[in-house]
Amino acid sequence: MKSIKLILCVFLALTLLPAAAWSQTCEPATLVECNQLYHGDNSSGSSTHGTSGYPGDCTGWEAEGPEQFFRLDLPADMLVSVIMTPDPSFDASLAVLPSTGTDCDATVCIEGSDSGNPETVTFSGLGGETYYLSADGWGASSHGPFTLEILCSCENTADEDGDGVFASSAECSYGDCCDSGTESVLGCDATTAPDIYPRADEICADGIDQNCDGVDPVCPYCDPDSNVITCDSSVTGPAAVASTQLVNYYDCLLYAEPGPEVAYTFTATHDGDVRIRLTSDSADLALAVIPASAMCDGAACIAGADRVFGPGTESLLVTLENAQDYFIVVDTWDMALGNYSLIIDCAGCADGDEDGHADIFCGGDDCDDDDPDRFPGQTETCNEIDDDCDGLTDEGFALESDPSYCGDCYTACGVDELCDLGACNTECTDPRQDCGGACVDVTVSPQHCGACDQLCEGPHALFLCVDSNCVVDVCDAGWKSCDENTLGCETHTDEDEGNCGNCGVVCSDYANGVPECRVGRCTLGACDEGYGNCDNALSNGCEAVLASDNNHCGICDNECDADRVCVLGECSDTCPDGQSVCSGACIDVTSDPRNCGGCGLVCNLANVSEPGCVDRECVVLECDSGWGDCDDYVANGCEETLGTPEHCRDCDHVCEYNFAQGICDTEAGTCSMGPCLPGHTDCNESDIDGCEINTGADEEHCGDCVTECGRLESCLNGICIVTCDDLDDDGFADATCGGDDCDDANRDIHPGAQELCDGWDNNCDGATDEGFDIDADGFYVCGEIIDCCDSGDENAMGCSEATAASMYPGAVEECGDGVDQDCNGADLECDCPDADHDGFEDATCGGDDCDDSDPTVHPDAVETCNEIDDDCDGFTDENACDEGGEGCGCATSTNGAPPFFLLLLGLLLGLGRKRRA
């Protein structure tokens, strides 16, 4: 694949965690074919978190994000390259898993990539085999839309033209259609062969089928009658007439633009500058200007703009010729144009108010070209006008809290007043605080965050205050906050090779060159000494070896004559001793794996990362990661996949266990026991004897390691089966033969049956009629021993709700209380009654209660002045009616005189009345 626009990055490995070794189901998967482009989104893929990790040699990281699976059925042996290009918002991971029937196992991943975006995986596939492509993500939040390109080419055939693509064969039609120069392909000959191969850049109408699709496309691509645009006008898109991926490369743009485009026809009205401005808030667009006479040939592009990575505004100021027609092309790197606006200004953007800024409507930046006091950079004042043309009015003036501009630009609070929510008050309302006369909510104010005058500040950032804490709102263009310990945007991602365009995006190394970050995009910097980037491509780095390249001898484009070769950067007539001329270069055919034993004899060995040549014979120096040369036969290369139970650490390392699957940890190169075979279990937790117990038939380990069958049970298919009969067919075996049915002749009696008040143990729990003791005294109204009073409604002597709990067979009987406590049908007669129930028996029958009809009269009573012997001591009112006391009809004197004297005084007065009469 040619130059790509996304930033290539490599994450530095910190710790390689052991990969999880388990199986997953890859089906259902999206069926894909060779040499096609597909769109996917693993946010809701066919599997979600199905695999948390792949072996370290496969991707090198834990891949915990959701994945989407694609299925590739190869018709022949082919070299396959899979390119996953995600949205830049997530970190992608790509892995290739072989089919193992219905499941695919992450531990046998044959190739993977988690080194940056895009992800590219190349592997040698076998004809007739199925491979699953796992489009994954590094973290749980790493998912989103992406494109997946499947590039296939033949393998194990010749590559005579040296373009890196093997020739087609009868078994594989995806190869190079022009390899020897003699094939019947449009324009194919020995000269053009290296430029003709699948997916090569097609040049229209040159009589050559560069990309092997059988067609030489017709020029032009643009239609001069469609989408006409005129001076000082603007259009919105996408337009109705749009072509699709017809112009991929423009000489005036840094990157390829493979997405769809719209061409507008424009006729210049004068000689001079024309400003073109393209704006989109949803798509990454580019501008290109091509003379109409070139008919949309990208090589004839005279001006282009693709400076903004992602949505934004692209602007061009291009010099055009009067009355000439031009195509103004709106192109996109992505697969969708999105919405945009295109503005053409032919007036050269006049500055009507002479403030140094041209009118915004012709491509300038002056929002009011009639007012010289309004232009970008002007100081903003509180006047309800956008003075500095930034789209904001009166920014910087806190109308809700500033006492000089309280509520509007023209209201100032008094000397002793505060501005609170745009109104002048004497105090601030909660939660706002008085910060120099302004009522400020310190939980949200960046100028007073958490406390008055506590300013949120840091490098290259605008801040918000959230819950009294400063947080970055927006970073300055080209800056990011990559260090969590620094408040602000401290990293210049426009030029930081370790954070290029975004935090953590590391510019990958280029072959023989130094990576460099320019305007947030990784590119090639200086070449290593002795190398040159002579094809101006980034993908292959500094590809030219200046010391020996006949086309670039010493410096780029310094081509040696046909009869000379490049030796140590100089064109020479002869090669050094021991070397031969092969394809114009001096080669040692005894040790060069690309010319082993003769010119053009390439040691192309399957799954060999480092082939060698020793004494004119090919040898295997190093296999591809995960492959081994187990048969020591050079011709088939490294033919066995390592990391499998059959070849774990190396060819002879086999993972075998008794009645269990073997699992190989490819990162550690160690074996471990995997799942037991059906019907077997590892009960002693030892790998030595594997899964030693047959839990399907072992009565001491039936179904698992801890279940032991009962005395009368057998283990059948991992389940303990009761062997005694169930005579009453109620589902419970007779207790007499080891079951739990306490009455196997009655099908209504068994464990779990409803207990009835019938004198039987209905539920076989060893208790009878439980649950029917209403008064909770331990006796029931049913059964052998019947409670005569349970609910209080029974016809028993003295039975009521109050006495029910004390009435049951065997209860202590109280004599003479009218209650049959012991349920024998009668109340116990007393020898000497206590009729008034005061605890003392009648004195007439030997007791000591002198009045057994009055419960207040008994030996323990307190004597009161009532002319009654209350305490049964034979005395009445003793010590109860003494001097100063009450009772016995005596009243208490008001002056303290004894009652006797009062009585005597009354008698004397009575006698006196008699005498006077």
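**Notebook: disulfides, strands and cores**

I started with the cysteines and counted 39 disulfides, taking a disulfide as a pair of cysteine sulfur atoms within 2.5 Å. The model is predicted, so I noted that local features need pLDDT of at least 70, that side-chain atom pairs count only at pLDDT 80 or more, and that totals for chains, interfaces and linings use all residues. Residues are numbered from 1 along each chain as its sequence is written, and side-chain values use heavy atoms, with hydrogens and water left out.

**Entry 1: three disulfides**

I looked up C177 and found a disulfide to C212, with an S to S distance of 2.0 Å. The torsion about this S-S bond is about -80 degrees, so the disulfide is left-handed. Both cysteines sit in the loop between β11 (145-154) and β12 (233-237), 35 residues apart, and the pair links distant parts of the chain. For the element names I used DSSP runs, numbered from the N terminus: helices are H or I with at least four residues, and strands are E with at least two.

I then checked accessibility. Buried means under 20% relative accessible area, exposed means over 50%, and partly exposed lies in between, with a 1.4 Å probe and protein chains only. C177 counts as buried because its relative accessibility is 16%. C212 is at 22% and therefore counts as partly exposed.

Next I took C178, which forms a disulfide with C188, the sulfur atoms being 2.0 Å apart. Which hand does the disulfide of C178 and C188 have? The torsion about the S-S bond is about 80 degrees, so this disulfide is right-handed. C178 and C188 lie in the loop between β11 and β12, 10 residues apart. Both C178 and C188 are buried.

The third pair I looked up is C603 and C618, joined by a disulfide with S to S 1.9 Å. Its torsion about the S-S bond is about -85 degrees, so I logged it as left-handed. C603 lies in the loop between β35 (585-587) and β36 (608-614), while C618 is in strand β37 (residues 617-623), 15 residues away. C603 is buried, with a relative accessible area of 5%. C618 is partly exposed, with a relative accessible area of 25%.

**Entry 2: two hairpins**

I counted strands as paired if DSSP finds at least two bridges between them. Strand β28 (residues 513-518) and strand β29 (residues 521-527) run antiparallel and are joined by 5 bridges. I traced E516 across to its bridge partner in β29, T523. The two strands, β28 and β29, form a hairpin with 2 residues between them, and V519 in the turn has a positive phi of about 50 degrees.

I did the same for β24 and strand β25 (residues 469-475), which pair in the antiparallel sense over 6 bridges. F463 has V472 as its bridge partner in β25. The hairpin of β24 and β25 has 2 residues between the strands, and D467 takes a positive phi near 55 degrees. I also looked at the two faces of strand β24 (residues 461-466): A461, F463 and C465 are on the covered face, and L462, L464 and V466 are on the uncovered one.

**Entry 3: an open sheet**

I followed an open sheet of 5 strands in the order β2-β4-β10-β6-β8, with mixed pairing. Which strands are at the edges? They are β2 (30-32) and β8 (111-113), each of which pairs on one side only. At the β2 edge, 3 bridges join β2 to strand β4 (residues 68-73), and the two run parallel. T30 stands opposite F70 in β4.

**Entry 4: nonpolar cores**

I defined a nonpolar core as a set of buried Ala, Val, Leu, Ile, Met, Phe, Trp, Tyr and Cys residues joined through side-chain atoms within 4.5 Å. The largest one has 28 residues, and those with the most contacts inside it are V80, V82, M84, F123, L133, L148 and I150. The elements giving two or more residues to this core are β4, β5 (78-86), β6 (92-98), β9 (119-125), β10 (130-137) and β11. Of these, β11 gives the most, with 5 residues.

I picked V82 and listed its contacts, meaning heavy atoms within 4.5 Å. Leaving aside neighbours within four places in sequence, V82 is in contact with L94, E119, T120, V121, F123, L133, L148, E149 and I150. Another core lies apart from the largest one and has 26 residues, among them A239, V274, A283 and A303.
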